[in-house]
Every structure is written in structure tokens, then in C-alpha cells.
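User: I want the reasoning behind the labels, not just the labels. Take me through it step by step.

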Amino acid sequence: MKTVKQLLHEKGHKVTTTSPDASVFDAMQLMAANNIGALLVMKGDRMVGILTERDFSRKSYLLDKPVKDMLVKEIMTRQVVYVGLDNTNEDCMSLITEMRVRHLPVIDEGKVIGLLSIGDMVKDAISEHQFVIKQLERYIYDTPEI
Ligand code: AMP
């Protein structure tokens, strides 16, 4: 399987972010506009949390106030699990399964340089399987009759 470095090389380094004091309404609009399910919450260069659509669906109703009055910091997750460039896709898939999350920020030398979603990881895993299947099909085709 590929390394995180290879996955990011293919996917790109774009990370969509918000701030802890942004409104949840604006953050959800940003997710919708970019067709994504997570935003990293940044204070300047520093990652201070992650906000995903699940935070909205699971926590926002508990606040019992209008979405436009809710702040990102009220529903974001503060302890963020991340990976580095040398981790493999297998590491990532183990982590997301173990931690029950679908997004992993990539940190290099203390800086956020990317974000991998479960979709990016599964895409790579499937392409690897397809490669193996193609190899096997060729092997069967090439086998001479006996
Ligand atoms: P997700 O499955 O990624 O939509 O996230 C489910 C829950 O886990 C939400 O509360 C997220 O804020 C949280 N979460 C998502 N990714 C991470 C991560 N890498 N580290 C910690 N929490 C996360």
C-alpha cells in the first residue's frame, strides 16, 4: 500500500479550514460548498480541533439554540488523531477503524500539510486489489492447456 506522502502527492495538499469562533452555520455552508465532510479548526498556523458533519448531527441539538448562534468551538473535537508522511495507508486504515473516525490530518514538522478522508484511503486500497486481480486474470489466461 502507498505511503501518506504518495497519497497526498496524488490528492493534493488543499485543506479547508475554519476557526473556533466561526459560526457553525458558516462552517456547514463551507462544507456544503466544497462537498466535503470535515474542516480542520485552526488558530493561525495551529490546529486546535476538527469539525465534521457528525459533530453537527450528534452535538448541535444538545446546545438547544439556533445554528447561527452556535460556535464551532462548542461542538468541535479538540483531541485530534493525525498521521505523518511516512505512515502507510494501512496505518491510516487501522487508525480510523480503531478510533472510529473518517478523517486524518497529516502533520509534518508541526504543520498541517494535508487531510485524508476514508474515501481517499479506500480508493487506494481498491486500486491495489484491482491491480492484483488483473495480474491473476493474466496469469490464468496465459496458462497453457495441459
Ligand atoms: P467522522 O467520522 O470523521 O465524521 O468523525 C466522527 C467524530 O470523530 C466527530 O466527532 C469528529 O469530530 C471526530 N473526528 C474525526 N476525525 C478525527 C480525528 N482525526 N481525530 C479526532 N477526532 C476526529
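Analyst: Start with one term: a residue is near a molecule if one of its heavy atoms lies within 4 Å of it. In this predicted model, 13 residues surround the ligand. The closest are Asp 55, Thr 77, Val 81, Arg 102 and His 103.

User: What makes the approach of Asp 55 to the ligand a polar contact?

Analyst: A polar contact is a pair of N or O atoms within 3.5 Å. An N or O atom in the Asp 55 side chain is 2.5 Å from a ligand oxygen. The pair therefore qualifies.

User: How do you know that Val 81 and Arg 102 make polar contacts with the ligand?

Analyst: By the cut-off of 3.5 Å. For Val 81, a polar backbone atom is 2.8 Å from a nitrogen atom of the ligand. For Arg 102, a polar side-chain atom lies 2.8 Å from a ligand oxygen. Taken alone, the ligand exposes 480 Å², and the protein buries 93% of that.

User: Which elements supply the shell around the ligand?

Analyst: β3 (46-52), α3 (53-63) and β4 (103-108) each give at least two residues. The largest share, three residues, comes from β4.

User: Why is Val 83 called buried?

Analyst: Its relative accessibility is 2%. Buried means under 20%, so Val 83 counts as buried. Val 83 sits in the loop between α4 (72-75) and α5 (89-99). Beyond four places in sequence, Val 83 touches Val 4, Cys 92, Leu 95, Leu 104, Pro 105, Val 106 and Ile 107. Val 83 and Ile 107 are 24 residues apart in sequence, and their C-alpha atoms are 6.3 Å apart in space.

User: Why does Ser 23 count as buried or exposed?

Analyst: The relative accessible area of Ser 23 is 13%. The limit for buried is under 20%, so Ser 23 is buried. Ser 23 belongs to the loop between β1 (17-18) and α2 (24-34). Its side chain reaches the backbone nitrogen of Asp 26 at 3.0 Å. Setting aside neighbours within four places in sequence, Ser 23 is in contact with Lys 68, Met 70, Leu 71 and Val 72.

User: What makes Ile 126 partly exposed?

Analyst: Ile 126 has 42% relative accessibility. Buried is under 20% and exposed is over 50%. The value falls in between, so Ile 126 is partly exposed. Ile 126 lies in helix α6 (residues 118-142).

User: How do you know that Ile 126 can belong to a surface patch?

Analyst: Patch residues need over 30% relative accessible area. Ile 126 has 42%. With Ile 118 and Val 122, Ile 126 makes a nonpolar surface patch of about 210 Å².

Terms used: Residues are numbered from 1 along each chain as its sequence is written. This is a predicted model: local features need pLDDT of at least 70, side-chain atom pairs count only at pLDDT 80 or more; totals for chains, interfaces and linings use all residues. Side-chain values use heavy atoms; hydrogens and water are left out. Helices (H or I, at least four residues) and strands (E, at least two) are DSSP runs, numbered from the N terminus. Buried means under 20% relative accessible area, exposed over 50%, partly exposed in between (1.4 Å probe, protein chains only). Contact means heavy atoms within 4.5 Å. Patches are made of residues with over 30% relative accessible area and no salt bridge: like charges are joined within 9 Å, nonpolar side chains (Val, Leu, Ile, Met, Phe, Trp, Tyr) within 5 Å. Accessible areas come from the Shrake-Rupley method with a 1.4 Å probe; for residues, only the protein chains shown count as cover. A salt bridge is a side-chain nitrogen of Lys or Arg within 4 Å of a carboxyl oxygen of Asp or Glu. A polar contact is a pair of N or O atoms within 3.5 Å; within protein, one must be able to donate a hydrogen and the other to accept it, and residues adjacent in sequence count only if both atoms are side-chain atoms.
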